[in-house]
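Welcome, and thanks for taking a look at this one. Here is a short briefing to read alongside the sequence and the coordinates.

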Amino acid sequence: MASNQANTDIRLNEQSSFSASGKQVPAALSMMVDSMTSMLERAKIDLESVDQRARADLENIDQRARKDVALLDQRARKDIQKVDMKARKDLAILDKRAREDHELLLKVRKSRGLTP
């Protein structure tokens, strides 16, 4: 028996909508889904923003690190040059002393008649 009476499950203040499957969805549930969707979209935007800031921070750190490495390399080269100059001077002094000692030995041998 068909009835022309209104559906008593739907109250006057309650709105309802239909889901993709055609079933009725209460307004509160629909609002909750909309709210959750909005929160998820906002979270996605926030995550993208954090990711962009992290990439920018990483780029800045990388640039600073490259500058620091270049500065350390420059200082190390200067230090190596100083050590090299000192070593060359020390070698020159040792060479001079060795030649003087060699000449002295030759004179002593010559004076004793021990020349080869």
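A residue is called buried under 20% relative accessible area, exposed over 50%, and partly exposed in between. Val-33, with a relative accessible area of 43%, therefore falls in the partly exposed class. Please keep in mind that this is a predicted model. The points below go from the overall fold to the surface, the salt bridges and the confidence.

**Overall fold**

- The chain holds one helix and two strands, and from the N terminus on these elements follow the order β-β-α.
- Helix H1 covers residues 27–111.
- How far apart are the end C-alpha atoms of H1, and does that agree or disagree with the span expected at 1.5 Å a residue? They are 123 Å apart, and the 85 residues of H1 should span 126 Å, so the two values agree.
- Just after H1 comes Gly-113, whose phi is positive, at about 75 degrees.

**Surface and burial**

- Of the 116 residues in the chain, buried ones make up 2%.
- The chain exposes about 11,500 Å², and 57% of that area is supplied by carbon and sulfur atoms.
- A nonpolar patch of about 470 Å² lies on the surface, made by Leu-29, Met-32, Val-33, Met-36 and Met-39.
- Val-33, one of the residues of this patch, has its place in helix H1.
- Patch residues need over 30% relative accessible area, and Val-33 has 43%.

**Salt bridges along H1**

- How many salt bridges does a search of the whole structure find? The search finds seven, and three of the pairs are described here, beginning with Asp-51 and Arg-55.
- Asp-51 and Arg-55 meet through their side chains, with an N to O distance of 3.0 Å. Both residues lie in H1, four residues apart, which is about one turn of the helix.
- Asp-51 is partly exposed because its relative accessibility is 36%, whereas Arg-55 reaches 58% and so counts as exposed.
- Lys-86 forms a salt bridge with Asp-90, and their closest N and O atoms are 3.2 Å apart. This pair also lies in H1, four residues apart, or about one turn.
- Lys-86 is exposed, since its relative accessibility is 52%, while Asp-90 is partly exposed at 31%.
- Arg-99 forms a salt bridge with Asp-95, with the closest N and O atoms 3.0 Å apart.
- Arg-99 and Asp-95 are four residues apart in H1, so about one helical turn separates them.
- Arg-99 has a relative accessibility of 53% and therefore counts as exposed, whereas Asp-95 is partly exposed at 37%.
- Why does this spacing suit such pairs? An α-helix has 3.6 residues a turn, so residues three or four places apart point the same way.

**Confidence**

- The chain has a mean pLDDT of 85, and 77% of its residues reach 70 or more.
- Which element has the highest confidence, and which the lowest? H1 is highest, at a mean of 95, and strand S1 (residues 16–18) is lowest, at a mean of 55.
- Over residues 10–14 the pLDDT is below 50. Beyond near neighbours in sequence, this stretch has three contacts in the model.
- Where pLDDT is low, the predicted coordinates should not be read in detail.

Note on methods: Residues are numbered from 1 along each chain as its sequence is written. This is a predicted model: local features need pLDDT of at least 70, side-chain atom pairs count only at pLDDT 80 or more; totals for chains, interfaces and linings use all residues. Side-chain values use heavy atoms; hydrogens and water are left out. Patches are made of residues with over 30% relative accessible area and no salt bridge: like charges are joined within 9 Å, nonpolar side chains (Val, Leu, Ile, Met, Phe, Trp, Tyr) within 5 Å. Accessible areas come from the Shrake-Rupley method with a 1.4 Å probe; for residues, only the protein chains shown count as cover. A salt bridge is a side-chain nitrogen of Lys or Arg within 4 Å of a carboxyl oxygen of Asp or Glu. Buried means under 20% relative accessible area, exposed over 50%, partly exposed in between (1.4 Å probe, protein chains only). The expected span of a helix is 1.5 Å times one less than its number of residues. pLDDT is the predictor's confidence in each residue, from 0 to 100. Contact means heavy atoms within 4.5 Å.
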